[in-house]
Amino acid sequence: MVKHAVEANFDGLVGPTHNYAGLSWGNVASKSNVRAESNPQEAALQGLAKMKRLADRGYVQGILPPHERPHIPTLRALGFEGSDSQILEHAVKTSPSILAAVSSASTMWTANAATVSPSADTADHRVHFTPANLSAKFHRSIEHRVTGRALKAIFADEGYFAHHPALPSVSQFGDEGAANHTRLCGGYGEAGVELFVYGQVAFNDQAPAPKKYPARQTLEASQAIARLHGLDDQHTVFAQQNPNAIDAGVFHNDVIAVGNGNTLFYHDMAFLEEERVLADIRSRLNGAELEAVRVSSEEVPIEDAVASYLFNSQLLNTPDGMMLAVPGECREVASVSRYLDALVQSGGPITSVEVFDVKQSMRNGGGPACLRLRVVLSDEELKAMHRGVLLTDDLYERLTAWVKAHYRDRLSQADLADPMLLQEVRKALDELTGILGLGSIYDFQL
């Protein structure tokens with residue numbers, strides 16, 4: 001039975017410790033802005049403005065909260081002792097790189113928060129969530145516990161929602177969440193095809209793999225999540241990312257491809273076996289025709305795709321076709337700007353392009369698509385979830401005032417050791433869980 005469903009986007013609210021520590025090897029933008037001074041307040045307001053603009057257009061827009069940073073429990077687990085201020089002082093003197101890692105605001109990129117399978121695809125007809133272990137990067141590997149708590153608080157009704165723990169945090173099961181997963185379908189409420197994109201086969205040393213940068217997602221992790229979510233062969237396609245693209249700075253598939261409905265918008269360097277991947281999707285789409293929008297290297301060189309984050313855009317349904325929500329940098333790269341103009345005039349499924357200012361996020365290597373986790377929900381599931389995190393005019397005003405009251409307008413690496421910053425963060429997050437009605441999800445609250 002096909003039910004009416006919507007695709008809700010849950011954006012990560014940028015945290016108060018948003019900074020440029022250059023922690024992500026393989027992410028060109030992250031490395032190129034290392035140690036620049038950041039503006040957490042501006043970053044959070046930019047993210048909220050993006051959410052509000054989409055909510056005003058009628059899209060279901062939710063919010064995922066930032067995490068507590070610096071994360072003192074992680075520092076304690078690594079042997080730092082004493083009061084919170086003593087731990088910060090010791091960490092900055094002896095291990096500033098570790099302090100930077102446990103202070104990262106990387107939870108803003110909720111495309112990495114989890115993998116989500118809609119009830120139309122799963123064996124038990126519940127929505128399934130698996131937080132990503134993000135084992136490739138230490139600063140991100142500490143996220144999944146609080147992410148899991150937040151998702152359980154929002155999607156609590158076990159009659160509709162199923163939650164799994166993160167996969168084992170080892171390289172063989174490296175999982176980067178929805179940044180390497182997309183869903184194609186005829187309609188959101190219909191059974192679809194879940195496309196899992198991986199960078200390497202962990203248990204096969206002879207399989208193709210990148211040479212310069214690490215592959216963060218493994219086939220084994222993708223297959224495990226498909227099993228956990230109760231997905232059968234008719235609902236899954238596993239595709240290997242082109243190793244040359246990873247070595248060019250495409251650390252996640254969502255930097256080189258994005259899908260929505262029956263449309264897959266992708267670069268010709270996205271997949272190792274392009275024709276096989278497209279054929280597999282077509283054979284599994286339930287009565288829908290795949291619209292494959294292929295961008296050639298001649299039209300947009302891979303370097304320009306990475307620099308502009310053309311594919312790290314949101315592809316959204318409109319009454320007149322699909323709208324591509326792109327970062328402002330797409331209009332600053334000549335080949336990409338020319339391509340977008342031609343795309344709108346091509347008569348294809350993508351009929352409009354809108355520009356969003358997310359510069360603070362982009363400088364750390366995350367565009368509009370990095371900032372959101374997609375959750376397809378039937379009308380009943382939408383009613384069953386905790387609705388206090390869905391953006392309304394009133395919530396937008398409250399969160400804007402909250403950001404202005406609690407966030408600094410500049411932050412350097414040296415500020416991360418300031419005990420006052422930790423107090424500011426905890427006070428802000430305690431207030432935020434009250435605003436969103438989430439209860440106690442942070443370690444300092446438990």
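Visitor: What makes E2, E1 and E15 an open sheet, and which are its edge strands?
Guide: This is a predicted model, and in it 3 strands line up in the order E2-E1-E15 with mixed pairing. The edges are strand E2 (61-64) and strand E15 (372-378), each of which pairs on one side only. On average, neighbouring strands here are turned by 30 degrees against each other, ignoring direction.

Visitor: How do you know that E1 and E2 pair?
Guide: Count the bridges. Two strands pair if there are at least two bridges between them. Strand E1 (residues 5-12) and E2 share 4 bridges, in the parallel sense, so by that cut-off they count as paired. For one contact to look up, take aspartate 11, whose bridge partner in E2 is isoleucine 63.

Visitor: Now strand E13. Why is it called largely enclosed?
Guide: Buried means under 20% relative accessible area. In E13 (residues 321-327), 6 of the 7 residues are buried, so the rest of the structure largely encloses this strand.

Visitor: What does E13 pair with?
Guide: Strand E12 (residues 314-318) runs antiparallel to E13, with 5 bridges joining them. A hairpin of 2 residues makes the link between E12 and E13, and asparagine 317 stands opposite methionine 322 in E13. E13 also pairs with strand E14 (residues 350-356), this time in the parallel sense and over 6 bridges. There, methionine 323 stands opposite serine 352 in E14.

Visitor: What makes the trip from E13 to E14 a right-handed crossover?
Guide: The chain leaves E13, passes through helix H12 (residues 334-345) and arrives at E14, a β-α-β crossover. Handedness is judged with the strands pointing away from the viewer: a clockwise path over the helix means right-handed. This crossover is right-handed.

Visitor: How do you know that H12 has the span expected of a helix?
Guide: At 1.5 Å a residue, its 12 residues should span 16 Å, and the end C-alpha atoms are 17 Å apart, so the two agree. Just after H12, glycine 347 takes a positive phi of about 80 degrees.

Visitor: Which residues of H12 are buried, and what do they pack against?
Guide: Ser335, Val336, Ser337, Tyr339, Leu340 and Leu343 are the buried ones. They pack against strand E10 (263-267), strand E11 (291-295), helix H11 (302-308), E13 and E14.

Visitor: What about helix H2: what span should it have?
Guide: Helix H2 (residues 40-56) has 17 residues, which at 1.5 Å each should span 24 Å. Its end C-alpha atoms are 24 Å apart, so that agrees. The buried residues of H2 include Pro40, Ala43, Leu48, Met51 and Leu54. Just after H2, glycine 58 has a positive phi of about 100 degrees.

Visitor: Why is cysteine 330 not bonded to cysteine 370?
Guide: A disulfide needs two cysteine sulfur atoms within 2.5 Å. The sulfur of cysteine 330 has its closest cysteine sulfur, that of cysteine 370, 13 Å away, so it is too far for a bond. Cysteine 370 is in no disulfide either, and the count by this rule comes to 0 disulfides.

Visitor: What makes those two cysteines buried?
Guide: The cut-off is under 20% relative accessible area. Cysteine 330 has 0%, so it is buried. Cysteine 370 has 3%, so it is buried as well.

Technical notes:
Residues numbered from 1 in each chain as written. Predicted model: local features only at pLDDT ≥ 70, side-chain atom pairs only at ≥ 80, totals over all residues. Heavy atoms only, no water. Buried < 20%, exposed > 50% of the residue type's maximum accessible area, 1.4 Å probe, protein only. Expected span 1.5 Å × (residues − 1). Contact = heavy atoms within 4.5 Å. Axes fitted to C-alpha atoms, helices over the stretch in contact; angles between N-to-C directions.
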